[in-house]
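User: Could you take a close look at the strand pairing in this model for me? I'd like to see how the strands are put together, and then how that part sits within the whole chain.

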Amino acid sequence: QYQEIPGFFADAAQIAQNKGLNSLAYRILSNLLEINPEATPLLRAFAYQAQRWDSLEVAEEIFETVLEARPFEPQAHRDLGLVQIKQGKAQQGLERLYEVVRRKWDARFPEIEVVTVHEMNSIMGSLTQPVDLGFMDDRLIIPMPTDLRVVHTWDANDVDLDLWVIDPRGEKCYYQHPRTEIGGLISADFTWGYGPEEFLLKDAMPGVYTIAANYYANKQQRLAGPATLQVRMIQDYGRPSQRA
């Protein structure tokens with residue numbers, strides 16, 4: 001009944017992983033690659049899950065495959081760069097991320113270079129090893145710490161998932177209301193897939209922040225189950241005290 005629903009295998013694999021059954025978890029997760037071995041959304045879903053399990057070499061190999069298939073999508077470069085940095089390959093990772101910043105992309109990827117520049121500066125501020133930044137425009141190297149960052153991405157093309165953040169005062173920050181009174185800012189709206197969409201708050205007031213994702217639209221010709229959504233909330237982003 002669920003043999004072509006990616007979310008089923010991802011959920012079942014996570015249950016096995018939670019029980020310490022690592023080998024079984026990977027066997028279950030490998031079904032994603034058998035549904036359609038050439039489908040990049042399924043490759044992405046596999047790599048994201050492997051990354052959550054700290055199998056960074058596996059994730060890097062899959063993201064390299066995705067990049068070979070879809071070099072015209074900035075997210076393919078971003079995914080690979082971020083996992084390389086997690087492995088300690090700072091030079092490779094930053095140069096890959098800079099590809100997102102320096103190149104011209106299709107209009108369906110609005111302002112992705114802005115989000116990526118912010119990520120690069122946060123990474124550079126936390127490095128303990130020297131890197132050669134000669135490849136980068138000096139004007140883009142500037143610390144941009146924030147009290148709160150929320151970022152979400154998803155694995156499916158032609159799917160619109162909107163990030164919502166509701167602050168302690170009850171004001172909702174989203175694509176139709178991108179700036180809030182306390183300084184919240186939402187990034188450009190990705191209506192055709194992948195993200196990232198990012199919420200930033202430089203000086204956060206204390207209280208409860210509600211994070212939500214609105215499954216706004218699905219334009220895929222073939223529905224392969226729900227998209228896999230990745231959400232990260234980071235406090236003190238770009239500071240030594242950064243925590244996720």
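Analyst: Happy to. Let's begin with strand 2 (residues 159-166), which pairs with strand 3 in the antiparallel sense over 2 bridges. One bridge to look at here is that of V165, whose partner in strand 3 is C173. Please keep in mind throughout that this is a predicted model.

These two strands belong to an open sheet of 3 strands, with the order 3-2-6 and antiparallel pairing. Its edges are strand 3 (172-173) and strand 6 (210-218), each of which pairs on one side only. As a general reminder, strands of a sheet pair through backbone hydrogen bonds, and they may do so in a parallel or an antiparallel way.

Now let's move to strand 1 (residues 146-154). With strand 7 (residues 229-237), strand 1 shares 8 bridges, and the two run antiparallel. To find this pairing on your screen, start from V151: its bridge partner in strand 7 is R232. Strand 1 also pairs with strand 5 (residues 197-201), again in the antiparallel sense, over 5 bridges. A handy landmark for that second pairing is V150, which stands opposite F199 in strand 5.

How enclosed is strand 1 by the rest of the structure? Of its 9 residues, 8 are buried, so strand 1 is largely enclosed by what surrounds it. Buried here stands for a relative accessible area under 20%. Across the protein, with its 244 residues, 45% count as buried.

Stepping back to the whole chain, the secondary structure comes to 8 helices and 7 strands. The C-alpha trace spans about 50 × 45 × 40 Å along its principal axes. For 244 residues, a compact globule would have a radius of gyration near 18 Å, and the protein agrees with that because its own value is 18 Å. The contacts add to this picture: among those between residues at least 6 apart in sequence, 61% join residues at least 24 apart.

Finally, a word on the surface and the charges, which may be useful to you as a computational chemist. The protein exposes about 12700 Å², and carbon and sulfur atoms supply 51% of that area. Its charged side chains come to 24 positive and 34 negative, and the centres of the two sets lie 2 Å apart.

Conventions: Residues are numbered from 1 along each chain as its sequence is written. This is a predicted model: local features need pLDDT of at least 70, side-chain atom pairs count only at pLDDT 80 or more; totals for chains, interfaces and linings use all residues. Side-chain values use heavy atoms; hydrogens and water are left out. Helices (H or I, at least four residues) and strands (E, at least two) are DSSP runs, numbered from the N terminus. The radius of gyration is taken over C-alpha atoms; the globule rule is 2.2 Å times the number of residues to the power 0.38. Buried means under 20% relative accessible area, exposed over 50%, partly exposed in between (1.4 Å probe, protein chains only). Contact means heavy atoms within 4.5 Å. Accessible areas come from the Shrake-Rupley method with a 1.4 Å probe; for residues, only the protein chains shown count as cover. Lys and Arg count as positive and Asp and Glu as negative; His and the chain ends are not counted. The place of a charge is taken as NZ of Lys, CZ of Arg, CG of Asp or CD of Glu. Two strands pair if DSSP finds at least two bridges between them.
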